[in-house]
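Subject: Handing over a structure, with notes

Hello,

I am passing on to you the structure shown just below, and I would be glad if you looked it over before you read my notes. Please keep it open while you read, since the notes go from place to place in the chain.

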Amino acid sequence: MTSPDPFRVIFVCTGNICRSPMAEVVFRDLAERQGLGSRIVSRSAGTGDWHLGERADHRTIDSLSRRGYDGSQHRAKQFTLASFADNDLIVALDRTHERILREWAMDDDQEGKVTLLLAFDPDASTHDVPDPYYAGTDMFDSVLGMIEAATRGLFRQLEPALRLPRTPRI
């Protein structure tokens with residue numbers, strides 16, 4: 001392999017149309033603004049298959065747009081067992097997703113990849129990013145704010161390693 005392998009992060013929520021697409025887009029944007037866009041792959045998926053192939057919820061796209069992000073290209077995907085091998089870090093948006101992902105893990109290595117997004121925000125007052133699906137615009141904006149704060153914390157932890165050359169996967 002002639003180029004270093006990028007670090008692969010996947011954000012996981014329930015249906016992959018609200019929270020995890022927000023995290024995917026925000027994290028990718030942050031990496032690109034820091035000149036490290038080629039060093040990461042930011043993805044998202046849902047634990048369920050209800051919305052496969054659909055765009056992100058229009059309120060997600062609108063909330064992202066109000067803050068200068070583009071979520072228009074998102075199409076919902078489902079997390080699969082192959083997602084464990086395809087990603088270096090698996091970031092759950094709430095403890096329910098974290099529990100499901102840990103149950104799906106086939107070994108300690110896979111389970112060790114799973115973490116909670118809000119663990120990266122020292123000021124978070126909860127462990128769970130609330131699901132805004134049944135709420136209004138204000139909730140989507142509030143959730144996006146939580147995701148922005150936590151992804152900044154995640155990025156700060158990963159940035160030193162992202163700046164170092166990665167060992168190519170064999």
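Here is what was found in it, beginning with how the notes were made.

This is a predicted model, in which local features need pLDDT of at least 70 and side-chain atom pairs count only at pLDDT 80 or more, while totals for chains, interfaces and linings use all residues. Residues are numbered from 1 along each chain as its sequence is written, and side-chain values use heavy atoms, with hydrogens and water left out.

The domain

An unreviewed UniProt entry carries the annotation "domain: Phosphotyrosine protein phosphatase I" for residues 7-157; such positions are given in the numbering used here, feature names are shortened, and annotations may be inferred rather than shown by experiment. Over residues 7-157 the chain is 44% helix and 14% strand, and the end C-alpha atoms lie 13 Å apart. Helices (H or I, at least four residues) and strands (E, at least two) are DSSP runs, numbered from the N terminus.

The sheet

In this model 4 strands form an open sheet in the order 2-1-3-4, and the pairing is parallel; two strands pair if DSSP finds at least two bridges between them. Strand 2 (40-46) and strand 4 (114-116) are the edge strands, each pairing on one side only. From one strand to the next the twist averages 25°, where axes are lines fitted to C-alpha atoms (for helices over the stretch in contact) and angles run from 0 to 180 degrees between N-to-C directions.

Strands of a sheet pair through backbone hydrogen bonds, either parallel or antiparallel. Here strand 1 (residues 7-13) and strand 2 run parallel and are joined by 7 bridges. Along this pair, Phe 7 stands opposite Ile 40, Phe 11 has Ser 44 as its bridge partner, and Val 12 stands opposite Ala 45.

In a regular strand the side chains alternate between the two faces of the sheet. In strand 1, Phe 7, Val 9, Phe 11 and Cys 13 point one way, Arg 8, Ile 10 and Val 12 point the other way, and all are buried, where buried means under 20% relative accessible area, exposed over 50%, and partly exposed in between (1.4 Å probe, protein chains only). Strand 2 is also mostly covered, with 5 of its 7 residues buried.

Two helices across the sheet

Helix 1 (residues 19-33) lies across strand 1 and strand 2, and runs at about 175° to strand 2. Helix 6 (residues 137-163) lies across strand 1, strand 2 and strand 3 (89-92), and runs at about 160° to strand 1.

Ala 150 lies in helix 6 and counts as buried because its relative accessible area is 0%. Leaving aside its neighbours within four places in sequence, Ala 150 is in contact (heavy atoms within 4.5 Å) with Leu 117, Leu 118, Phe 120 and Asp 121. Ala 150 and Leu 116 are 34 residues apart in sequence, and their C-alpha atoms are 9.6 Å apart in space.

Two cysteines and two loop residues

Why are Cys 13 and Cys 18 not joined by a disulfide? A disulfide is a pair of cysteine sulfur atoms within 2.5 Å, and the sulfur of Cys 13 is 6.7 Å from its closest cysteine sulfur, in Cys 18, which is too far for a bond. The count by this rule comes to 0 disulfides. Cys 13 is buried, with a relative accessible area of 2%, and Cys 18 counts as buried at 3%.

Asn 16 sits in the loop between strand 1 and helix 1, is buried with a relative accessible area of 0%, and has a phi near 65°, a positive value in a residue other than glycine. His 74 is placed in the loop between helix 2 (58-66) and helix 3 (81-86), and counts as buried at 8% relative accessibility. The backbone oxygen of Asn 16 lies 2.7 Å from a polar atom of the His 74 side chain. Not counting residues up to four places away in sequence, His 74 touches Asn 16, Pro 21, Glu 24, Ser 44, Glu 54, Arg 55 and Ala 56.

With best wishes

Technical notes: Polar contact = N/O pair within 3.5 Å; in protein donor to acceptor, adjacent residues only side chain to side chain.
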